[in-house]
Amino acid sequence: MIRRTLTTLALLGALTVPLGAQAAPALKVQEASLPNGLKILMVENHKVPVFSLQMWYKVGSRNERPGITGLSHLLEHLHYLGTKRRPTGQYDREVETQGGGDNASTSEDYTDYYVEMASPNLERAIDLEADALANLAIPANKFESEKRVVMEERRLRTENSPFGMMFELMGATAYVAHPYSWPVVGWMSDLIGMTRQDAWTYYQTYYKPNNATLVLVGDFDPKQALQLIRKHFGPIKAGPTPPPVRTVEPPQNGEHRTELIKEVETPAVMAAFKIPAVGHPDLYALMVAANVLARGESSRLYRKLVDQTQIAQSVEASANEQRDPGLFILAALPTPGHTTQELETAMYQELDRLKTEPVSEQELSKAKKQIESDFLMGQQRASTLGFQLGMYETLKDYHLFLNHVPQIRHVTAEEVQRVAKTYFLKANRSVVTLVPKEAHP
């Protein structure tokens, strides 16, 4: 089983779906809470006899500090090492023997766990997650072995990956004060020095019901589900409110630029602009702008860089939604014989074009339909719908999820032009260039 998916600053992986996809019926989200502070979101759907149960914790790499970077992700691994009631491996066995699946992920802003099983196993799933919250055990020998697993993951996914290194370096380049400056997987020196006591203190601080949201989507009876949640989660005591992240990234007053020299054959360039946090109205126009710029073969950057001038092999764009101000990212690979400087010039010309002339009605309509279709298609599977609800609730408020499509529909060409003028500025830009080692003086 592949688990422990590490979420970092990433390019948009959009689905290709029919442009004429119809809006799904309005979701009925049932909201509840327990006296210990656990928030509960439920969406009942009896089309398929399965459910997805997800636990979302408001803790990610933004909650760490120098010396313990990567601890949120490491604790995600430790979640499966066993509890006072269940030995190592029993969690997976209980899920797999019933034909279910489980996984987890960590980001800058959250850690989430999910289990998907057939409907009769609802109490088993609830008990598994309540047990992991209340009774986690971190055996010293298992801690060291799991720490080595995370260190190897860092080597494979970051240190041996040119693009992994570019994303990591972009965080360190774009942010000078905020915790988004360090990678979710952590710095290797911090992982090496991390102790079991570090992990235990972190668990006791952030893994409390008043810092969590339980999301349940699929085939279940809401009244019965709520009774089972109260039975297993109710006795767990709330903890003190976790310490807030006080650091605010200061205004950027000039371009940040870094080179990454690696033994690679192909150079690459990544440019990022700081944008507002999740829930800010400008984000919807920025999402549309990313779609207009680099979604599909008819997008502006693809037509200009890949088709017409043929100076790029690929180009992508994304507007990231995060709890604190995030990044709008552009990335491109040059074709042989062309340089990253050429790519940068061409990309910035298209950004300037967004500022000087409104996008056409055809481009705007297509972009909004694509975003809407992607969003609605994600609601067809219980686990994906649960992820969307849990992510928005953990970042800020699940109502942002419910209002996402209407907000996208209301974006105008003038708003796209305005956000381009506001955020796509050289003084607000950070650039990371991947340079082949043999090409560097």
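## Cores, strands and helices of a predicted model

Of the 65 residues that make up the largest nonpolar core, the ones that touch the most other members are Leu 286, Val 288, Phe 328, Leu 330 and Phe 424. Helix α9 supplies the largest share of this core, eleven residues. Apart from it lies another core, of 53 residues, among which are Phe 51, Ala 104, Ala 125 and Met 194. All of this is read from a predicted model, in which the mean pLDDT of the protein is 92 and 94% of the residues reach 70 or more. The N-terminal stretch calls for separate treatment: over residues 1–24 pLDDT stays under 50, although the model has 74 contacts for these residues beyond four places in sequence. Where pLDDT is low, the predicted coordinates should not be read in detail.

Val 288 is a useful place from which to follow the packing of the largest core. Leaving out residues up to four places away in sequence, Val 288 touches Leu 364, Ala 367, Lys 368, Ile 371, Ile 408, Val 411 and Val 416. Leu 364, Ala 367, Lys 368 and Ile 371 are also among the buried residues of helix α12, a list that further includes Glu 363, Gln 370, Glu 372, Ser 373, Asp 374, Phe 375 and Leu 376. The cover over the buried residues of α12 includes α9 (282–294) and α10 (300–308), together with α13 (382–395), α14 (399–402), α15 (404–409) and α16 (413–423). As for its own geometry, α12 (residues 361–377) has 17 residues, which at 1.5 Å a residue should span 24 Å, and this agrees with the 24 Å that separates its end C-alpha atoms.

Phe 328 and Leu 330, named above among the residues that touch the most other core members, fall within strand β11, which runs over residues 326–334 and is mostly covered, with nine of its nine residues buried. Which strands pair with β11? Strand β9 (residues 268–275) pairs with β11 in the antiparallel sense over seven bridges, and Ala 272 has Ile 329 as its bridge partner in β11. Strand β10 (residues 312–319) likewise pairs with β11 in the antiparallel sense over seven bridges, with Leu 333 of β11 as the bridge partner of Ser 314. The connection from β10 to β11 is a hairpin of six residues.

Three further helical residues show how burial and contacts go together at individual sites. Glu 350, in helix α11 (residues 340–356), counts as buried because its relative accessible area is 5%, under the 20% cut-off. Residues up to four places away in sequence aside, Glu 350 touches Leu 293, Arg 300, Leu 301 and Lys 304.

Met 151 belongs to helix α4 (residues 140–159) and, with a relative accessible area of 11%, is buried as well. Its contacts, apart from neighbours within four places in sequence, are with Met 188, Leu 191 and Ile 192. By contrast, the C-alpha atoms of Met 151 and Val 95, which are 56 residues apart along the chain, are separated by 27 Å.

His 232, finally, is found in helix α8 (residues 222–233). Is this histidine's position, at 17% relative accessibility, buried or exposed? His 232 counts as buried, because 17% is under the 20% limit. Its side chain and that of Glu 123 are joined by a polar contact of 2.9 Å, and beyond four places in sequence His 232 touches Ile 126, Asp 127 and Ala 130 in addition to Glu 123.

Note on methods
Residues are numbered from 1 along each chain as its sequence is written. This is a predicted model: local features need pLDDT of at least 70, side-chain atom pairs count only at pLDDT 80 or more; totals for chains, interfaces and linings use all residues. Side-chain values use heavy atoms; hydrogens and water are left out. Buried means under 20% relative accessible area, exposed over 50%, partly exposed in between (1.4 Å probe, protein chains only). Helices (H or I, at least four residues) and strands (E, at least two) are DSSP runs, numbered from the N terminus. Two strands pair if DSSP finds at least two bridges between them. pLDDT is the predictor's confidence in each residue, from 0 to 100. Contact means heavy atoms within 4.5 Å. A polar contact is a pair of N or O atoms within 3.5 Å; within protein, one must be able to donate a hydrogen and the other to accept it, and residues adjacent in sequence count only if both atoms are side-chain atoms. The expected span of a helix is 1.5 Å times one less than its number of residues. A nonpolar core is a set of buried Ala, Val, Leu, Ile, Met, Phe, Trp, Tyr and Cys residues joined through side-chain atoms within 4.5 Å.
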